[in-house]
Amino acid sequence: MSKVLVSDPIDQAGIDILSQVATVDVNTGLKPAELIEIIGQYDALMIRSGTRVTQEIIEAGTQLKIIGRAGVGVDNVDVPAATRRGIVVVNSPEGNTIAAAEHALAMMLSLSRHIPDANASVKRGEWDRKTFVGAEVYKKTLGVVGLGKIGSHVATVAKAMGMKLLAYDPFISTERAEQLGCQLVDLDLLMQQSDYITLHIPKTPETTHIINATTLAKMKPTARIINCARGGIIDEAALAAAVKEGKIAGAALDVFESEPLGESDLRAIGKDIILTPHLGASTTEAQVNVAIDVAEQIRDVLLGLPARSAVNIPGLGPDVLEELKPYMQLAETLGKLVGQLAGGRVELLTVRLQGELATNKSQPLVIASLKGLLHQALRERVNYVNANIEAKERGIRVIETRDASARDYAGSLRLEATGTLGTHSVTGALLGDKEIHLTDVDGFPINVPPSKYMLFTLHRDMPGIIGKLGSLLGSFNVNIASMQVGRKIVRGDAVMALSIDDPLPDGILAEITKVPGIRDAYTVTL
Ligand SMILES: NC(=O)c1ccc[n+]([C@@H]2O[C@H](COP(=O)([O-])OP(=O)(O)OC[C@H]3O[C@@H](n4cnc5c(N)ncnc54)[C@H](O)[C@@H]3O)[C@@H](O)[C@H]2O)c1
Ligand SMILES: O=C(O)[C@H](O)COP(=O)(O)O
């Protein structure tokens, strides 16, 4: 049975799902050295933001197949290191969206009305109504930096509260911003004109310290800033100085450059700074959502199925996966077949999407084709995550083409592999209830479902050849399950595709090619 380590607090709903397929160890608060020591025995690791999954930990995780982040941000995982090792990294892109958005809105209102400090003063026995006079958000301008999932929800609610909305997000269309009632502006203008600024961007090299002494200096002295996205997006020292010196009215932070927050000037500032310990996703609802979302993906990967929200499998989102899953299986089968027909080292793989398939995303199909192609060499070590990298490292060039006019089947996929031993091509389609059929081998039309063990011959279409091959296989006790010949012209060249019940015994291929009329024979395992 597989083993899963849960190293951060996760809702029981997730543990229950994992327990269906694995032994689950919940061991939170491990030091890096302790994690390195035990990670080698686990097939999967489930975390939140508390565990830093470094390259060292990934290298020690020799059995690891998947790292599941029960939340959005994967900046605590060395994703490139995981990718190189073929480890899938998944997250829950939407499970805590509402929780994080509501936390940002709560921070905005708390800042405006000094709720945390007013509460503390009453609890101390005071009744001070002067110090805590606040400001309304109604008719004020909210600047949303990052108009993705969380930023959009914040904008929608803020609009309903009567706020005017500005947004800065270079990757969002004007139409989308307008739909949300936001005016898209550049960051400078947003900083200058907003009464409240809320950050909803990932931490990347471009966004690190995007809010710094210079940008803070552009804010109105009455303006307030909220960061419920990632620590390090704001330069904390510059922020503390700006609030302390009255250059801006206040700030609310849920996330910090270093967590847990250590010594910091931010702690010393009174009611104008609100600090929470990374609580954005900490609602009962969000924790159930993310735990279920990620545990289901870990379960699927441990069962050999693809994950719906893998961050290191390019182009493979849940919607794409749902639509392309049967075609990815087709691509993988064709990749295995063409790789074995090509034999030696493959230098070029051409992936052609035909008919209806031509309008689809090609990247997942290319990845699945490469996974199949490399299976012969790498077996279980190649997967959707590392297939691209492994192909690049082996110098395999990939060309993608499309032919929407191909009409033999509704949608079909053609792979052509050129290698040191020549060029071979295979085409396949999904028929009826998504059943894979091989429809062409080396330019010869056939129509056979693939089977685990197959034999292909290239031969002259002439009387007696099928009988001779049948007797030869019989003399080696090889049972033929099905057989089909594909030819272009009568008595010209032809291809024979045989499904056989067992692997071909050693030495028999050489005997087959001695049969008069048979030029080549290939045995494959799919
Ligand atoms: N505090 C918490 O507990 C908590 C909870 C959930 C998410 N988060 C964090 O909130 C952030 C947003 O999450 P999301 O789910 O909305 O992500 P998202 O991917 O849906 O949205 C991010 C947006 O940022 C934009 N963006 C990227 N780079 C940018 C740049 N340089 N300048 C401006 N915009 C840029 C993108 O175009 C995108 O629209 C993430 O950092 C996530 O980790 C924090
Ligand atoms: O990126 C996220 O999902 C949030 O930062 C939540 O982090 P957490 O799971 O540690 O609460």
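Here are some exercises on a predicted model, each with a worked solution.

**Ground rules**

Residues count from 1 along each chain as its sequence is written, while chains are lettered from A and ligands numbered from 1 in the order in which they are written. In this predicted model local features need pLDDT of at least 70, side-chain atom pairs count only at pLDDT 80 or more, totals for chains, interfaces and linings use all residues, and side-chain values use heavy atoms, with hydrogens and water left out.

**Exercise 1. Find out how confident the predictor is in the chain.**

Step 1: Start with pLDDT, the predictor's confidence in each residue, from 0 to 100. Its mean over the chain is 94, and 99% of the residues reach 70 or more.

Step 2: Add the scores for the model, which are ipTM 0.99 and pTM 0.78.

Step 3: Keep a caution in mind: where pLDDT is low, the predicted coordinates should not be read in detail.

**Exercise 2. Split the chain into its domains.**

Step 1: Take the bounds from the assignment (automatic or from a database). They are domain 1 (2-95 + 285-303), domain 2 (133-270), domain 3 (315-450) and domain 4 (453-525).

Step 2: Look at the centres of domain 1 and domain 4, taken over C-alpha atoms: 48 Å separate them.

Step 3: Check the record. An unreviewed UniProt entry lists residues 454-526 as "domain: ACT"; positions follow the numbering used here, feature names are shortened, and annotations may be inferred rather than shown by experiment.

Step 4: Describe residues 454-526, using DSSP runs (helices are H or I, at least four residues; strands are E, at least two; both numbered from the N terminus). You get 23% helix and 42% strand, with the end C-alpha atoms 8 Å apart.

**Exercise 3. Describe the surroundings of ligand 1.**

Step 1: Call a residue near if one of its heavy atoms lies within 4 Å. Ligand 1 has 25 residues around it, and the closest are Lys149, Ile150, Asp169, Ile201 and Cys228.

Step 2: Sort that shell into 13 nonpolar, 8 polar and 4 charged residues. Here Ala, Val, Leu, Ile, Met, Phe, Trp, Tyr, Cys and Pro count as nonpolar, Asp, Glu, Lys and Arg as charged, and the others, Gly among them, as polar.

Step 3: Pick out oxygen atoms of ligand 1. One is 2.6 Å from an N or O atom in the side chain of Asp169, and one is 3.3 Å from a polar backbone atom of Gly148.

Step 4: Finish with area (Shrake-Rupley method, 1.4 Å probe; for residues, only the protein chains shown count as cover). Alone, ligand 1 exposes 870 Å², and the protein buries 86% of that.

**Exercise 4. Do the job again for ligand 2.**

Step 1: Its neighbours include Arg48, Ser49, Arg69, Asn96, Arg230 and His278. The shell holds 3 nonpolar, 5 polar and 3 charged residues.

Step 2: Read off the distances from polar side-chain atoms to an oxygen atom of ligand 2: 2.3 Å for Ser49, 2.8 Å for Arg69 and 2.6 Å for Arg230. The protein covers 91% of the 310 Å² that ligand 2 has accessible on its own.

**Exercise 5. Locate a cis peptide bond.**

Step 1: Go to Glu259 and Pro260, which are joined by such a bond, with omega about 0 degrees.

Step 2: Place Pro260 in the loop between strand 11 (250-253) and strand 12 (273-275).

Methods: Polar contact = N/O pair within 3.5 Å; in protein donor to acceptor, adjacent residues only side chain to side chain.
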